[in-house]
Amino acid sequence: MNLMIDRRTFLKGTGGFLAVSFLLPSAVFAQQAAANAGPELPGDLRNHPQLSSWLRINADGTVNLFIGKVELGQGALTAVGQVAAEELVIDFNRLVILAGDTELCPDEGTTAGSQTMPNCAPAVQQAAAEIRAILRKLAAEKLGVGEDTLTLADGTITSGGQSVTYWDLVADLQLEVDATGTAPLLPIAEHKVIGQNIPRVDIPAKMTGEAIFVQEMNPEGVLYGAIARPPTYKATLNDVDLAPIEAMPGVRQVIRNGSFLGVIAERQDQAWAAADALERTANWNVPTGLPGHDGMEEWLLTAEAEEKEWKNTVRADGTAVAETYEAQYYRPYHMHGSIGTSAAIAQKGEDGKITVWTHSQSVWATAAAIEKMLGLAEGMVHAIHTEGSGCYGHNMADDAAADACLLANAMPGTPIKLQYTRAGEHKWEPYGSAMVNKLSATLDAEGNILDWEHHIYSTPHGSRPGGNPGNLLSARYLDPPFEQPTPNDGGPPNFSATRNGLTNYELPGERVVTHFIREMPLRVSSTRGLGAYANVVAIEQFIDELAVKAGADPVEYRLRFLKDERMRDVLTRCAEAFGWDNYERQPNRGRGIAIARYKNYAAMTAVAVEVQVTRRNGLVRVLRAVTANDGGHIVSPDGMANQVEGGAIQAFSWALKEEVKFDNTQVLSTDWASYPILTFGEVPPVENVLIDRPGEPYLGNGESSQGPAGAAVANAIADAIGTRMRHGPYTPDRVLDAIRNA
Amino acid sequence: MSNSGPEQVTESWKEEVIPMLNFRLNGQDVSVDAPGNATLLSVLSNDLKQAGPKFGCGLSQCGACSVLIDSDPVRACQTQAQAAVGRSVTTLEGLREDGEPNALQRAMIAEQAAQCGYCANGMIIVAQALLDRNPTPTEQDVRSALNGNLCRCGTHNRIVRAVLRAAQEA
Ligand code: FES
Ligand code: FES
C-alpha cells in the first residue's frame, strides 16, 4: 500500500524547485584548490565517492541531485544546487533536488552547526565536475572531434556546426563509478550561478498556499494520531480505563504500552480530544522535586558538576592589581518555540517497513533510533525529510516522527498523521539549557583588565536522537522503557556549554572553567547557539560593566583588548552606522553595543541598540538596532541580512520576554500567553551592515547575531537606568525592581 | 510522590450529528459532512484539503490559521465551522488571481518575506483584510494590524515592507 502523496509533490516539497538565495561558502573555493592539487576527495564525497550517489542525468532533460543535508528554511539546498548547476553547466531549473531521504540520498549526518556548505557543497561540486568531464569525453567520441574543440551551454555540447546534449548521452553514461578527485573545477572567473542573488523559489509556494510543509499534508485515507503525556517527565502510569476513550467520537484505536498512551482517530481534533481525556482520567504517579524556575540559578551553582578548565593563560607581567570586580549572570531555559508544532506522517507497508515523512534534522540517526525503539531490523524505517516550521535546533521533529511510527506500527497499512498541540510542544520540547556565568577580573589603576576568570555552569546542550531510542521522548515511557543516555559536553573547536566561553579579547590573563552538570531537571538539547548565547551575553555585559567602571566609552574600551583587525572593523562599522559618537542622550533612553565571533572562529557580528525604559512600569522597548556582520565572502547579501536580522530579533525576544516557567512538578509555560515572545509592535527596525571579504572562507551566519543582540539590549538598559540587569529575561517586573533598588 | 486522581469521565465528548455544512470557499459552493463541534480549521484542512491555513496553537494566539470570512480575518482554529455556514470563506490559495499570486502575495515574494514561512499564511490574510479596508496604511497601521500574528524567525520587518510595497504598487 502506498501513501497517497504524489512523489513529485514530495520532490518539490523537499526542494525540487527551490532556488533560495544563499551565501555560498568560500570554503567551496578553498576546497577547489585542494581538489585541483590532488586526488583527496572533498567533504562528504570521501564517505560517498560514487558519482551516482549524488547526481543523475535524465533523458527528459532534468538532473536529479541527491543530498543528505536538508532544508530548514535557511536556503541550504539552493546553495548546493547552485554549485551543482554551475559545475554541470546547466540551467538551475533543470535540477530536481531530493534531500534527506534515507534510501535515496547519501548519509551526511545531521543538518546543523553550519556544516552543509563546508561538507556537502564541495562534494557535489566535485561530483558534478567529474560528470561534466565524462560527458565531454562521450560527446567528443560521438562527434568524432577532439575534446578541446567542445563548448558547453545548458547541457548542450557543441563543436563546430554539430552538437549533442547530455540527455542524448544518457544511454552511454555510466555513473556507478567512484570520483577520481582529478576532474578540474571551473575557474571562479567563469562562474555564472554561484554568487547570484537568486530569489528563493520555495517562497511562492509558501505565499500562495501550495502544500510544502508536512503539517499541511493530508493524504487520502489518512488517520490522525495524538499522544497522551503524563503530567511530568518522570511520572508513571498506574491505571487508566480505556473503554470510555475508545467510545469517543472518531476514535479508532487506543494504544497503551507501559506508561505510553496513544490514540488514532478519524480527525486530528478528535485524536487531541481523546488524548486530552486520557491525560485527565488516567491515574499517574507524579514525582516532585524540580528546582522551579526561581530556584534554578541557585540549583545550577550547587548541583553536582564536572569541572573542566578550558583555558588558563597566566599573566606574565607584574602590573599591580588595583581592584577586583565580579558579577554573576543567569540565562533561563529558552524554548525553540516553532510557530508550527511538530508533525510527521508514517505508514507501515505490507513488508513491515515503515515510511515516515519528517522535518527531522537528522533523518538517518532518527530512523535508526526508531528502528531500535520498535525492535525493527536496520533499514526497516525509511525516513523522508519534508519541510516543517523553523526549528532553530533540536525541537520535537524527531519525537513526532517516532510517535507517528509508534502509531503506524499499531495500524499497518494506514497512513497516520500526527501534529502536537501547542501545550504538547511547549511542555515537552527540549529547551535551551539554563546557565549561570560567574565572571571576575582584576584591574589596574586605570581600570584595564589584568586577569579574567570565567566560570560557566550548565546542564547539557545536546540530546539529539543519534541512533539511541532513549533520546526519543515516548520511548522512555514504553514497557520496558528505554533509558535516556547522559549527554556529554562538547570540546573544542565547537564546544557546547563552553561555546564562546573564551573571549575574543587579548587579555593579559584569562582562565575559563566549565562546571558541567549532567542532571537535567528539564529536558534540554541543541538550541540556536548552544552555550554561546549565555556566554556572550555575560562576557559582553561584564566588559561593559568594566568600561563603565573605568569611565571609558564601551567601544573604545573594547578596542583596547580587541586586536583582530576584522573584528575591530565590525565593531567600529557597527558603532558608525548606529551614530555612536554623536549619540544624543535623552532621558530614560540608553544605548548598548556588543560583539562576538561565533564559536571564536566563525562569523563576526556586532549589534548596537537604543532602548527606552518606562520608569513607571519597567517596560523596555528596543527603539532601533544596527547589526554589522563579517561572514567572509558574501554570496547573497539578502540571505545574509535575513539570517543576521532574524537571529537578532529572536534574541531580543529571548532577552526581554522569555523564560520557561516550572514549579517543583511540571512545566508551566504551556502556550504563547504563559511564554510570550516579541510581537510586531515590539520589533524594532533593524539596519544591517554587511562587510564583504571576497575570497575569504564562508563562515556561517545562522547563529552569530544572537549573543551580541542579547548583550546589547542588557547594556542599553544599564545605560538607561544606571543599574545592571544580570538575570534574564529583562521583564518589566525585574526592571522595576532594579530601578527601585538602585 | 503524589497522586493525580482520575477525573470523572463526562458525557461532554458526545457530539451531535448535524446537517451538512454549506458555505462558499474561494468562490465555490462547498458541502461538508463534519462533526457539529468541528472547528473551521479542522474542516478546511481535514475535509477540504486547504494548505494555506495552518495549525500553530489552536488557541487564537498566533494567527497561523487565519482565513477570511467575507472580508474579516478570523482565527479558524477557534471558529466553529458552523459560523461559516451561508458565508464566504477565503483561504490563502483563494487569494490567487487566475492561479497567479495577487498583489500582496507578489509583494511578499519580492521582499523575500520569509525564513521558514510557516507564519506567512496568517500575515497575508490579516494584511489583505487591512489593505481591503485601508489601501494606504502607514507603517504603524501595518504593525498594529499584524500585532496578534506571531513570527518566530524574526521576519517581521520584511513582512511590514511587503505590505507597504503592496499598498504602493496597487
Ligand atoms: S492556530 Fe489559530 S491562532 Fe494559532
Ligand atoms: S518566517 Fe518562520 S515563523 Fe515567520
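Colleague: Over residues 208-288 of chain A, what are the helix and strand percentages, and how far apart are the end C-alpha atoms?

Modeller: That stretch comes to 23% helix and 33% strand, and the C-alpha atoms at its two ends lie 48 Å apart. Keep in mind that this is a predicted model. The boundaries come from UniProt, where an unreviewed entry lists residues 208-288 of chain A as "domain: Aldehyde oxidase/xanthine dehydrogenase a/b hammerhead".

Colleague: Okay, let's do sheets. In which order do the strands of the open sheet with β4, β5 and β6 of chain A run?

Modeller: General idea to start: strands in a sheet pair through backbone hydrogen bonds, and the pairing is either parallel or antiparallel. Here the three strands are ordered β4-β5-β6 in chain A, and the pairing is antiparallel. The edges are β4 (151-153) and β6 (162-165) of chain A, each with pairing on one side only. From one strand to the next, the twist averages 25°.

Colleague: How many bridges join β4(A) to β5 of chain A?

Modeller: Three, and β5 covers residues 156-159. To see one on screen, click Leu152(A): its bridge partner in β5(A) is Ile157(A).

Colleague: On to chain B. What order do its helices and strands come in?

Modeller: Going along the sequence, you get β-β-β-α-β-β-β-α-α-α-α. The tally for chain B is five helices and six strands. Of its 170 residues, 58% are buried. You can also ask how far along the sequence the contacts reach: among those in chain B with a separation of 6 or more, 57% are between residues 24 or more positions apart.

Colleague: Why call helix α1 of chain B largely enclosed?

Modeller: Count its buried residues. The helix spans residues 40-47 of chain B and seven of those eight are buried, so the rest of the structure largely encloses it. The buried set is Leu40(B), Leu41(B), Ser42(B), Val43(B), Leu44(B), Ser45(B) and Asn46(B).

Colleague: And which elements do the buried residues of α1(B) pack against?

Modeller: Both chains contribute. From chain A there are β7 (223-228) and α7 (268-281), and from chain B there are β2 (21-25), β3 (28-32), β4 (66-69) and β6 (88-90). Just after α1(B), look for Lys49(B), which has a positive phi of about 50°.

Colleague: Then let's size up the interface. How many residues of each chain are in contact across A and B?

Modeller: 76 residues of chain A touch 61 residues of chain B. The buried area between the two chains is about 5,600 Å², and carbon and sulfur atoms give 54% of that. On the chain A side, Met207(A), Arg267(A) and Phe680(A) supply 17% of the area buried against chain B, more than any other three residues.

Colleague: How do I read one residue at that border, say Gln650(A)? Which residues does Gln650(A) touch?

Modeller: Start with its place: helix α15 (residues 637-657) of chain A. Leaving out residues up to four places away in sequence, Gln650(A) touches Tyr392(A), Arg528(A), Glu658(A), Gln706(A) and Arg152(B). Its side chain reaches the backbone oxygen of Arg152(B) at 3.0 Å. Gln650(A) counts as buried because its relative accessibility is 2%, under the 20% cut-off.

Colleague: Is Glu387(A) buried or exposed?

Modeller: Buried, at 1% relative accessible area. Glu387(A) sits in the loop between β16 (381-385) and α10 (397-410) of chain A. Its side chain makes a polar contact with that of Lys206(A), at 2.9 Å.

Colleague: Last topic: odd backbone geometry. Which peptide bond at Pro480(A) is cis?

Modeller: The usual picture is that most peptide bonds are trans, and most residues other than glycine have a negative phi. The bond from Asp479(A) to Pro480(A) is cis, with omega near -5°. Pro480(A) lies in the loop between β19 (449-458) and β20 (509-516) of chain A. Another cis bond links Gly728(A) and Pro729(A), with omega about -5°, and Pro729(A) is in the loop between α16 (706-721) and α17 (732-741) of chain A.

Colleague: And what is the phi of Val89(A)?

Modeller: About 55°, a positive value although Val89(A) is not a glycine. Val89(A) belongs to the loop between α3 (76-88) and β3 (95-99) of chain A. Phe495(A) also has a positive phi, near 55°. You'll find Phe495(A) in the loop between β19 and β20 of chain A, and at 12% relative accessibility it counts as buried.

Conventions: Residues numbered from 1 in each chain as written. Chains lettered and ligands numbered in written order. Predicted model: local features only at pLDDT ≥ 70, side-chain atom pairs only at ≥ 80, totals over all residues. Heavy atoms only, no water. Helix = DSSP H or I, 4+ residues; strand = E, 2+ residues; numbered from the N terminus. Buried < 20%, exposed > 50% of the residue type's maximum accessible area, 1.4 Å probe, protein only. Polar contact = N/O pair within 3.5 Å; in protein donor to acceptor, adjacent residues only side chain to side chain. UniProt positions renumbered as here; feature names shortened; annotations may be inferred. Pairing = 2+ DSSP bridges. Axes fitted to C-alpha atoms, helices over the stretch in contact; angles between N-to-C directions. Contact = heavy atoms within 4.5 Å. Buried area = accessible area lost by both parts, 1.4 Å probe.
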